[in-house]
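Trainee: I would like to learn how to read a structure of this kind, one feature at a time. Could you show me the general idea each time and then the case at hand?

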There are 2 protein chains.
Amino acid sequence: MLKEERQQLIINEVDLHNRVLLTDLAEKLDVSVDTVRRDVKELDAGSKLRKVHGGAVSLGYTHTAARSSNIYALNEKMAIAEKAVSMLKEGAVIFIDGGTTCLEMARMIPPKLKLTCFTFSLPVALQLAGMPHVDLIFIGGRISPESMISNGAYTIQRLAEVRFDYAFLGTGYVDALHGLTEFDWDVVQLKKAVIRASKKAVLLCISEKLNSQHRFKTCDIHEINTMITELSPENNLLNLFRNQDLRLM
Amino acid sequence: MLKEERQQLIINEVDLHNRVLLTDLAEKLDVSVDTVRRDVKELDAGSKLRKVHGGAVSLGYTHTAARSSNIYALNEKMAIAEKAVSMLKEGAVIFIDGGTTCLEMARMIPPKLKLTCFTFSLPVALQLAGMPHVDLIFIGGRISPESMISNGAYTIQRLAEVRFDYAFLGTGYVDALHGLTEFDWDVVQLKKAVIRASKKAVLLCISEKLNSQHRFKTCDIHEINTMITELSPENNLLNLFRNQDLRLM
DNA sequence: TCGACACTTGCAGTTTTTTGCAAGAAAAAG
DNA sequence: CTTTTTCTTGCAAAAAACTGCAAGTGTCGA
């Protein structure tokens with residue numbers, strides 16, 4: 001077998017599976033691991049793939065890692081945000097949760113729309129503060145450094161004093177059977193308070209989170225009025241969420 | 001499983017759920033917690049996520065605001081901030097006002113110093129939220145878009161419920177005779193409330209503002225305990241402020 | 001055809017990387 | 001303040017990578 005031919009096969013294999021082990025390649029091509037190693041090293045030098053300890057990965061594969069400098073799954077989140085913004089009516093009193101999806105939504109609020117927005121997320125507040133027609137009220141309290149939101153008993157008390165037309169919420173995990181869950185107990189208490197304070201709760205959630213769960217439960221699915229994903233409402237992935245007194249969007 | 005592959009999965013999980021525990025990752029990936037810890041540490045070093053005690057959080061949340069390039073008289077403000085920071089003692093409960101000088105001060109807080117900080121300024125809060133040893137409490141309310149601080153009756157009420165060891169304040173205008181004055185009546189009410197809530201008030205003020213005044217009065221000079229300018233305390237420009245029961249710094 | 005030469009391939013020994021474990025330190029929780 | 005969890009550090013075993021070397025292969029010109 002020619003070296004050239006072998007290297008082409010290696011590239012094919014890598015592109016096909018995104019990642020391969022050197023030992024697998026050696027077995028498949030019936031050459032020694034050293035040979036494969038040398039081939040992979042050359043291909044790496046020629047930018048045909050990326051060599052890593054124990055194997056090789058395709059360039060596209062690692063490229064997704066570079067994207068994380070921005071926001072994960074930004075396109076999906078923008079699609080969700082667009083749908084969410086379309087629900088907004090002039091003069092509404094709404095709440096916007098923290099999290100990147102909700103931040104995207106805040107960004108997309110039409111500049112001319114008059115709104116009263118509550119939030120406890122610093123990034124969301126910063127975004128909304130620049131909008132002249134938005135009346136922005138920050139719900140204070142102890143700021144949790146990881147999520148940049150206020151949280152704790154004080155914040156929950158403040159939430160008991162208000163009532164929103166709509167609350168736009170994110171969640172860590174969501175499952176048709178187990179509802180909305182989080183791994184953080186404090187966050188659950190906070191989200192419960194938000195849901196109590198809102199006439200209608202709208203969940204913004206990318207489809208990748210569907211059917212995942214964690215230890216602490218925020219609420220059941222039927223306590224949510226509308227669930228927005230980046231998918232079409234007819235998508236099969238949403239089947240489990242039908243007939244739950246839930247509007248899909 | 002390749003290390004590369006594993007790290008990619010960790011990034012996905014973190015970006016997806018915003019926050020994950022090391023132990024959960026270890027279980028999911030079927031490796032020891034130590035390995036996950038090392039991976040997360042590497043990814044943190046590569047700015048793919050942020051490591052926190054017991055887990056990792058996504059960067060989407062926590063991009064700390066870079067200093068906007070052109071702050072007026074930055075060097076002077078940094079000199080003031082440095083003096084202000086030198087007053088801080090371990091465990092103190094302080095308030096930090098909005099404004100660029102106070103923001104500079106927030107930036108300069110030593111990373112290891114344990115503090116409880118109150119503020120109603122979004123930029124200051126964002127700055128402080130990145131400091132692990134600072135217990136940060138945001139005083140909520142309606143956000144005034146020009147200054148990015150909460151203001152109004154609600155905020156003033158909240159201020160009535162707390163008591164600071166030190167309040168670090170800015171002011172629009174200051175004069176030995178007329179005291180601290182502002183252009184904006186609402187701001188005056190707010191600053192009054194801050195001074196009432198603090199045992200000691202520290203004024204941060206560049207010398208350029210000395211001997212200027214405006215319509216609405218916050219307080220007299222003697223209600224301030226310490227005044228910090230970028231000048232040496234012996235400087236002649238400060239002569240009018242001596243013998244006012246005021247410490248110059 | 002022969003031999004010089006460059007290139008490739010596999011092997012063995014050494015070095016580096018990865019991984020899990022354990023003990024003490026540090027940090028969070030109660 | 002005490003208990004529990006997490007972090008750090010050093011260590012050792014295993015896996016992988018690198019290095020030098022020798023054997024094999026093919027090319028080219030005399």
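Trainee: How many nonpolar, polar and charged residues does the surface near DNA strand C have?

Mentor: Before counting, please keep in mind that this is a predicted model, in which local features need pLDDT of at least 70 and side-chain atom pairs count only at pLDDT 80 or more, while totals for chains, interfaces and linings use all residues. Residues are numbered from 1 along each chain as its sequence is written, chains are lettered from A and ligands numbered from 1 in the order in which they are written, and side-chain values use heavy atoms, with hydrogens and water left out. For the classes, Ala, Val, Leu, Ile, Met, Phe, Trp, Tyr, Cys and Pro count as nonpolar, Asp, Glu, Lys and Arg as charged, and the others, Gly among them, as polar. With those classes, the surface near DNA strand C has two nonpolar, six polar and eight charged residues.

Trainee: Which residues come nearest to DNA strand C?

Mentor: A residue is near a strand if one of its heavy atoms lies within 4 Å of it. Of the 16 residues around DNA strand C, the nearest are Arg6(A), Thr35(A), Arg38(A), Thr35(B) and Arg38(B). On the DNA side, 63% of the atoms of strand C that come within 4 Å of the protein belong to sugar and phosphate.

Trainee: Which helices supply at least two residues each of that surface near DNA strand C?

Mentor: Helices (H or I, at least four residues) and strands (E, at least two) are DSSP runs, numbered from the N terminus. Here, helix 1 (3-17) and helix 3 (33-45) of chain A, together with helix 1 (3-17) and helix 3 (33-45) of chain B, each supply at least two residues.

Trainee: How far is a polar side-chain atom of Arg6(A) from a phosphate oxygen of DNA strand C?

Mentor: A polar contact is a pair of N or O atoms within 3.5 Å; within protein, one must be able to donate a hydrogen and the other to accept it, and residues adjacent in sequence count only if both atoms are side-chain atoms. For Arg6(A), the distance to a phosphate oxygen of DNA strand C is 2.6 Å. In chain B, a polar side-chain atom of Arg6(B) lies 2.7 Å from a phosphate oxygen of this strand, and one of Lys3(B) lies 2.9 Å from a phosphate oxygen.

Trainee: Which residues are the closest to DNA strand D?

Mentor: Among the 16 residues that surround DNA strand D, the closest are Leu22(A), Arg37(A), Gly54(A), Arg37(B) and Gly54(B). Sugar and phosphate make up 79% of the strand D atoms that come within 4 Å of the protein. The surface near DNA strand D has four nonpolar, five polar and seven charged residues, and helix 3 of chain A gives the most to it, with three residues. A polar backbone atom of Gly54(A) is 2.7 Å from a phosphate oxygen of DNA strand D, whereas Lys51(A) places a polar side-chain atom 3.3 Å from a phosphate oxygen of that strand.

Trainee: How many salt bridges are there over all chains?

Mentor: A salt bridge is a side-chain nitrogen of Lys or Arg within 4 Å of a carboxyl oxygen of Asp or Glu. By this rule the count is 22 over all chains. One of them joins Arg142(B) to Asp135(A), with the closest N and O atoms 2.7 Å apart. This pair crosses between chains, from strand 7 (residues 141-144) of chain B to strand 6 (residues 134-138) of chain A.

Trainee: Where do Lys28(B) and Glu13(B) lie?

Mentor: Lys28(B) forms a salt bridge with Glu13(B), the closest N and O atoms being 3.3 Å apart. Lys28(B) is in helix 2 (residues 22-29) of chain B and Glu13(B) in helix 1 of chain B, so the pair ties together parts that are 15 residues apart in sequence.

Trainee: Is Glu13(B) buried or exposed?

Mentor: Buried means under 20% relative accessible area, exposed over 50%, and partly exposed in between (1.4 Å probe, protein chains only). Glu13(B) is buried at 15%, whereas Lys28(B) is exposed at 59%.
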